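Visitor: Could you walk me through this one, please? I'm new to reading structures.

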Amino acid sequence: MTGRSKALDLSPEEFAIIESALQTQSKILNVQAKAGASKARERLNAVKNVLTRLAQQRPTSQAKSPKCTVSFFGMSRIFG
């Protein structure tokens with residue numbers, strides 16, 4: 001892999017598709033590596049590194065509505 005980085009303009013949906021595809025590839029490479037393929041082990045390590053970097057750069061969706069978390073005890077104070 002090269003040491004150069006470039007910024008991509010991806011939607012959250014596109015980002016999720018890429019991440020899912022890399023996770024699938026990771027599973028395939030893991031099976032191949034367990035079967036003794038040394039190239040698969042090298043490629044698996046590279047894919048895992050990319051997945052780690054993607055996880056660090058995962059876009060946060062600000063359009064989601066905040067979740068209301070009310071405990072039982074909070075509700076009991078309201079209703080006496």
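Visitor: Leaving aside neighbours within four places in sequence, which residues is Leu54 in contact with?

Guide: Quick heads-up: this is a predicted model, where local features need pLDDT of at least 70 and side-chain atom pairs count only at pLDDT 80 or more, while totals for chains, interfaces and linings use all residues. Residues are numbered from 1 along each chain as its sequence is written, and side-chain values use heavy atoms, leaving out hydrogens and water. Contact means heavy atoms within 4.5 Å. With its neighbours within four places set aside, Leu54 touches Phe15, Ile18, Glu19 and Leu22.

Visitor: Which element gives the largest share of the largest nonpolar core?

Guide: A nonpolar core is a set of buried Ala, Val, Leu, Ile, Met, Phe, Trp, Tyr and Cys residues joined through side-chain atoms within 4.5 Å; buried is under 20% relative accessible area, exposed over 50%, partly exposed in between (1.4 Å probe, protein chains only). The largest one here has nine residues, including Phe15, Leu22 and Leu54. Two or more of them come from each of α1 and α2, helices being DSSP runs of H or I with at least four residues, numbered from the N terminus. The largest share, five residues, is from α2.

Visitor: What do the buried residues of α1 pack against?

Guide: Helix α1 covers residues 12-34. Its buried residues are Phe15, Glu19, Leu22, Ser26, Leu29 and Ala33. They pack against α2 (38-56).

Visitor: Why does Leu10 count as partly exposed?

Guide: Leu10 sits in the segment before α1. Leu10 counts as partly exposed because its relative accessibility is 33%.

Notes: Expected span 1.5 Å × (residues − 1).
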